[in-house]
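Open the model in your viewer and follow the stops below. Each one says what to select and what is there.

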Amino acid sequence: MKSHKRITVIAKLLIVSMIASMFSLSTAAAAPTAESNKSEVRSTTNQTITALSDVSNSYAAKEINELVASGVLSGYPDGKFYPFMNMTRAELAKTVVKALKLEPNEQAASPFADVPNDAWYKGYVGAIVKSGIAQGTSSRTFAPNQKVTREELAVFFVRALGMKDKADQWKSNNAPFKDMNDVSSWAKSSVTFAGEIGLIQGGKQTEGGNQFYPQLNSDRQALARLTYELMFNKDAFTKKADEIVKNKTKSTTTSTSSSSDSSSDSDSDNSISQPTLPPVACTAVTEITKDGFKGNRCIDKQGTYGPTAELAAVATIEGELTVNVPNVTLQNIVIKGDLIIGEGVGQGDVTLTNVKVEGKTIVKGGGKNSIHLNNSVLATIIVDKRTGDVRVAINDGTKVELISLQSGAILDTARGQVTNVTLGSSLPQASTVELRGTFETVNVVASNVRLHLNANATVASLVVDAPSAITGNGTITSAQVNHAGAVFSQVPANCQGCENLSTFIVGGHIVDIAKLPLKNIKVAFRDIANPTIGEVVATTTTNDAGYYEVKLRPGTYSAEVSGDGFINTHFTVVVASNGYVWNESPETAIRLAGEEEVRVVLSWGEKPVDLDSHLIGPGVDGERFHTFFDNRQYKRNGQLYVDLDHDDVTAYGPETTTIRKQTAGTYRFYVHNFSGESNLEEQERSDTVVQVYQGSASTPAKTFTLEKNALQSLNTHRYWVAFEMTVNADGTISYNEVNTFHDDDKEIKGPDESDVTVTSSVYSLNSFNGTISGMSTNTTVAELKQDIHPVNPQAKVQIESANGTLRTDSDFVQDGDKLSVISANGQNILEYRLIVPAVLVEAAQPTVAEAVYLKAGQFTFTAEPDAWIEIKDANNNLVIAPLCDSSGQCTVDTFYFNGYVGQQLFLTAHVNGKLRSKVSTIIVKE
């Protein structure tokens, strides 16, 4: 297999891009806290504004700079703004009050016990509460240092824009974000309305639609962006709001907002103007020392918490610990209460090293490479992440008694131990749980879910109590199936309740050539006897993640992949009597070509593993191109003409080559059996097919099949020329089936259009100094050209005088004339100087011993001074061409003669201005 084709992407961390969005998902940076705003850099019209050093990568850089210049926002004394740092309710109050030019009102903040009299933010809190834009978290608390979530920020700015009533009355059938079910009921109307008028945009994911992530903490750049809209674009948003309210016919609210939510929004003003925001449930900690603490604590800053290993100490927490940000490491800690990995972790990482949790470990955040447990002991892990799957890696001696899954997850027990895994009844339908590593007992209680066993997974005991699909190539030592709706891709060797299984789960993954998952792709299965036109026995479509599943009886099937905008392609599925070997490698769906493009699709069977597509054809300015795995694109002047856009190395194909811009001339497509398996002839039928698609047509213009009787030829010769395609000057295309076989591709590729190499059996061509000798003053140009042979016959040979006059064939050559070899495409020129003496004599014959011995290491002989020697074999192939020194001594390393033992070699001397010498012979011995 080609080494450069083995490169795979080991892991990719899902990062939700917020470039054009309202909010960033970045977490708090190590920066001054909200309380340090007293010492922020103040900006007034009389001060010089220092450029902020850290906003260039923020999507709100323009807004930040303008608001700092106007004095509404402030940077910090170190010259930074910290755009990705989470904001507090106190910071929000200050910014909105200044943007709306409200008067600070300390008296209105007096009821709040957590707003001290000397707090820098007291007047701002009072003003924003009095305005009705924000309320306290209770009658006695404002929670000034609590982080502001994304949904809270949307609510605050809808109110600041004076659109609360319009938002409450607005009822839409369209949810602006896919995760509206995660928006709190008191915030739904504001989030929906803000999305409708374009105040917020959420964040675009590659698959799955537009997500808002309402429970994540917002940041300072988001505050800047919305504040800017409030100050400078309020009229535009007001006009948009008036238009949609005027034009909208009221209808039932979207399914993401329940009827009870709608009722509370319209009937109870308190549910809108005074939302019950999450209370401050725990005290934030900046470090965990060996002394530990009592009570509930929260971690809201990235970093490492717990005593170092060098201290040989363990901190004890007598209470609950919540981690609400990513990139946190807990080490050397005993937690007597629960450990909560909160939603604020998002798709980030949390690592536990030498941690014991005596309560529950509740996982609500983390991504597909996220929760790492090293040498830790956990009694119970509850996975309940509602915004995508999370990976829990149980590493390095970690022991877990029970993992209860209430959402999809990947469990990986690399050198760890898990006693029991339960797919609980609250696990949503269509969820997938993937197991990697070793597990003692797995219980499936959830209905209509998929349990996937990776190839390295082993489950000692599986109990299935609900309709579910058990897939993958892992090992199940024993199984107890208690529900008839359970199906397997492979039947466990020891299974009670599997006796009546007649169908098996078949499934896999469909991606495009960029390896991105494709949803709504149809996969239809036919008996292999009629792979393309037979009766369809089963059909399924891919889900949002590109996966498909279907039930099939034992047999061999042709699976057809199709979809709007895609070429119909096929692959083979084998279901044995005991089940299906799950295909962990994705199949590739090929999109239709563009209107002016031509796409060549190569597909084949299980063997050979690796066939390679080669296309040669006309390029720019007369040159020829050749695309294949090691030269995938042909470009000129920034224009892509041809590319091998998908190279498959794992059998079946498809492999695609696309002509993006056509050039008049003849193209030739051939196939190389790269992996060279020896059993092609054992196949019952040929699966090797080349299809050519013109433009956006969904059916091929031409199909070329490697017939059964040609399989042995491909195995023997390795190269199959399938067809030639000619693009005519008027743009029409014609095809010619070639169907020939070759040992190598030299003949297939034809002569190199840029080659300027020449040979001669009469004259001496000295590549060392660029001269040709051996002719006399009586030699005509025609006689010389007759025995100068270009390797590419299309190359041109011409002779000019020293002053540049082109000589005719009847002219006699003269000393100092120039012979030029011009390549067929006109791109390369090779020049020689002619040496024509008045008297032409023959060079002295080399003086050699009868034999040359390899063990001698060197072969030494004599010839004329400065002669160069051609040493050739019996087939006239050049072995080596050494140059003799000024005394006529010639030396050659004998390793050049390896492979010629027992054979004769022939030596001819060449000297400038002389005829070539007579031939001397040697025999090679060990």
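Start with the whole chain, colored by secondary structure: 13 helices and 57 strands appear. Keep in mind that this is a predicted model. The chain has 926 residues, and 52% of them are buried. Its accessible surface comes to about 41,100 Å², with 47% belonging to carbon and sulfur atoms. Now turn on contacts between residues at least 6 apart in sequence: 54% of these join residues at least 24 apart.

**Next stop: the largest nonpolar core**

Select L92, V125, I128, L153, F157, V191 and L199. Of the 63 residues in the largest nonpolar core, these touch the most other members. Then show the helices α1 (61–70), α2 (89–99), α3 (122–131), α4 (150–160), α6 (188–196), α7 (220–232) and α8 (234–247). Each supplies at least two residues of this core. The largest share, seven residues, comes from α4.

Zoom in on F157. What does F157 touch, leaving out residues up to four places away in sequence? The list is L92, V96, L199, L223, L226, T227 and L230.

Move on to V363, V421, L435 and A457. They are among the 60 residues of a second, separate core. In soluble globular proteins, nonpolar side chains tend to be buried together.

**Last stop: a strand pair**

Select residues 796–800, which form strand β48. Is β48 largely enclosed or open? Four of its five residues are buried, so the rest of the structure largely encloses β48. Add strand β49, residues 818–822. The two strands pair in the antiparallel sense, over five bridges. Finish on Q798: opposite it, in β49, stands S820.

Terms used: Residues are numbered from 1 along each chain as its sequence is written. This is a predicted model: local features need pLDDT of at least 70, side-chain atom pairs count only at pLDDT 80 or more; totals for chains, interfaces and linings use all residues. Side-chain values use heavy atoms; hydrogens and water are left out. Buried means under 20% relative accessible area, exposed over 50%, partly exposed in between (1.4 Å probe, protein chains only). Two strands pair if DSSP finds at least two bridges between them. A nonpolar core is a set of buried Ala, Val, Leu, Ile, Met, Phe, Trp, Tyr and Cys residues joined through side-chain atoms within 4.5 Å. Contact means heavy atoms within 4.5 Å. Accessible areas come from the Shrake-Rupley method with a 1.4 Å probe; for residues, only the protein chains shown count as cover.
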